[in-house]
Amino acid sequence: MTAAVQNSMAADRLDPVQVKRDFPLLRDAPLARGLHYLDNAATTHKPQAVIDAISDCYAQAYGPIHRGLYPLAEAATARYEQSRQTLAEFIGAESPDRLVFTRSATEAINMVAGGWALPRLQPGDRIWVSRMEHHANYLPWQRICQQRGAELGIIELDEDGRLDIAGTPELFGSRTRLIAVCHVSNVLGMENPIQPLCAEARANAIPVLVDAAQSVAHLTLDVAALGCDFLTFSAHKMYGPTGIGLLYAREQYLAEMQPLLLGGGMVDEVGEGNAPSRWSDGPARFEAGSPNLPGAAGFAAAVGYLDGLDRERVHRHVEALTRVAAMSLGALPGLRLLSPPESSAILSFTMEGVHPHDLAQIAGERGVAIRAGHHCAQPLLRHLGIVATARASFGVYNDQDDVNALVAALDAAGRVFPLEPS
Ligand code: PMP
């Protein structure tokens, strides 16, 4: 192989060692010494570019958004709206006006449940979620169904652990008002067939909400290609700041949605006494109160960072690391992988004779940060017949070293809790 070919192959691959240098905490923080951070599905670390964008806002262009008539306030507003534009391009939205900044994915889903679905829901109607939803994409729908005498339908999993859409004939029925599913499961890591699901739902005039919290960091999101009606995610799982998320909604649905939070910045005309008030048009209607400018700037910087790494390369890197880890974990005695083979970025597992919390604690003592518990997905764990799993999740700064440390830690845990008395 010539040096030029080798170079071009290397250029095609992400270099996690170099990537890690972009993350001050992973590079320099005393608590990160010897750390193998494999809890990226919970939250990711922040590159310098994101930290700089936030601090630059405060240092250079901070002011009230949509409220000031002087140059500093106008500059701050321009940054906020530029961030919306960046996010719109990131997800292929037809216009930035379809994007609402929220506090999180959780808030965004609650907004759609309370502001769009609740006012239209009638007794006997159905909202569908899947068996593998995070509580954030389950509880808001459960509550409005309870309030309205509607039914919360559950798309079950087939024998291979995938959404059993064919086995759910009522999914696209006339009483269905909305379908809410995750793009990627936060427990199992597999990608759901969003495109065909949305196509069939659209043919039946049923809106689909896609929870992209676990796909946004490593899959390319394109709302037009997916064909979804609502899409949500949080910045903190894609190397952006905590405290800001996004709701995308197609024009018709955003226009129909009622705001849940009322206050400054979302109203055109306030009625006197009991007289009705008239809300603003567009995303402002859903962004009552003072907008989170540093959050939005950091969010946009995270997009810039991911684009700079090249999202295709990010995907390939995370995918390859997951494959390697799955193979190594699968070879450990007593270890049961719950994630299907094509899972990406997330691997859930149990080990015979060892509680997942013990696994996570022993791993933690060896510098390997993994998560244990029900992962806010109790309906799925009930179905799997277990109370907890251990979960390793991968990001752009992880490498083979992290996988080796994980395998060694789990191997050590297996020795602390041997299946056979020695
Ligand atoms: N959906 C999924 C699939 C998730 O994994 C999470 C976070 N664990 C959420 C929604 C909620 O995200 P946030 O806590 O940022 O609102």
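A domain's bounds, as used here, come from an automatic or database domain assignment. Keep that handy while you work through this predicted model.

**Exercise 1.** Work out where the second largest pocket lies with respect to domain 1 and domain 2.

*Solution.*
- Step 1: Start with the space itself, which is about 250 Å³.
- Step 2: Now look at the walls. There are 22 lining residues, and those nearest the centre are His134, Ala136, Ala213, Gln214 and Lys237.
- Step 3: Sort the lining by class, and you get eight nonpolar, nine polar and five charged residues.
- Step 4: Check who supplies the lining. Domain 1 (8-46 + 310-415) and domain 2 (51-308) both give residues to it, so the pocket lies between them.

**Exercise 2.** Do the same job for the largest cavity: where does it lie with respect to the two domains?

*Solution.*
- Step 1: The search of the whole structure turns up two cavities of 30 Å³ or more, and the largest holds about 90 Å³ of space.
- Step 2: Its lining has 14 residues, with Asn40, Gln214, Ala217, His218 and Phe394 nearest the centre.
- Step 3: By class, that lining splits into seven nonpolar, six polar and one charged.
- Step 4: Domain 1 (8-46 + 310-415) and domain 2 (51-308) both contribute lining residues, so this cavity lies between them.

**Exercise 3.** Find which element gives the largest share of the lining of the largest pocket.

*Solution.*
- Step 1: Locate the largest pocket, with a volume of about 340 Å³. Of its 18 lining residues, Phe101, Thr102, Arg103, Glu107 and Phe286 are the closest to the centre.
- Step 2: List the elements that give two or more residues: β2 (99-102) and α6 (105-120).
- Step 3: Pick the winner. That's α6, with three residues.
- Step 4: For the chemistry, count nine nonpolar, six polar and three charged residues in the lining.

**Exercise 4.** Decide how helices α11 and α12 are oriented: roughly parallel or roughly perpendicular?

*Solution.*
- Step 1: Get the geometry. Helix α11 (residues 293-309) packs against helix α12 (residues 311-330) at about 75°, and their axes are 5 Å apart.
- Step 2: Compare with the cut-off: 65 to 115 degrees counts as roughly perpendicular. The two helices are therefore roughly perpendicular to each other.
- Step 3: See who touches whom. Leu306, Asp307, Gly308 and Leu309 of α11 meet Arg311, Arg313 and Val314 of α12.
- Step 4: Sort those contact residues, and you find three nonpolar, one polar and three charged.

Definitions and conventions:
Residues are numbered from 1 along each chain as its sequence is written. This is a predicted model: local features need pLDDT of at least 70, side-chain atom pairs count only at pLDDT 80 or more; totals for chains, interfaces and linings use all residues. Side-chain values use heavy atoms; hydrogens and water are left out. On a 1 Å grid over the protein atoms alone, a cavity is a set of points where a 1.4 Å probe fits but cannot get out, and a pocket is an open set with protein on both sides within 12 Å along at least five of seven lines; lining residues have an atom within 4 Å of a point. Grid points are joined across faces, edges and corners, and a volume is the space filled by probe spheres set on the points. Helices (H or I, at least four residues) and strands (E, at least two) are DSSP runs, numbered from the N terminus. Ala, Val, Leu, Ile, Met, Phe, Trp, Tyr, Cys and Pro count as nonpolar, Asp, Glu, Lys and Arg as charged, and the others, Gly among them, as polar. Axes are lines fitted to C-alpha atoms, for helices over the stretch in contact, and angles run from 0 to 180 degrees between N-to-C directions. Angles under 35 degrees count as roughly parallel, over 145 as roughly antiparallel, 65 to 115 as roughly perpendicular and the rest as oblique. Contact means heavy atoms within 4.5 Å.
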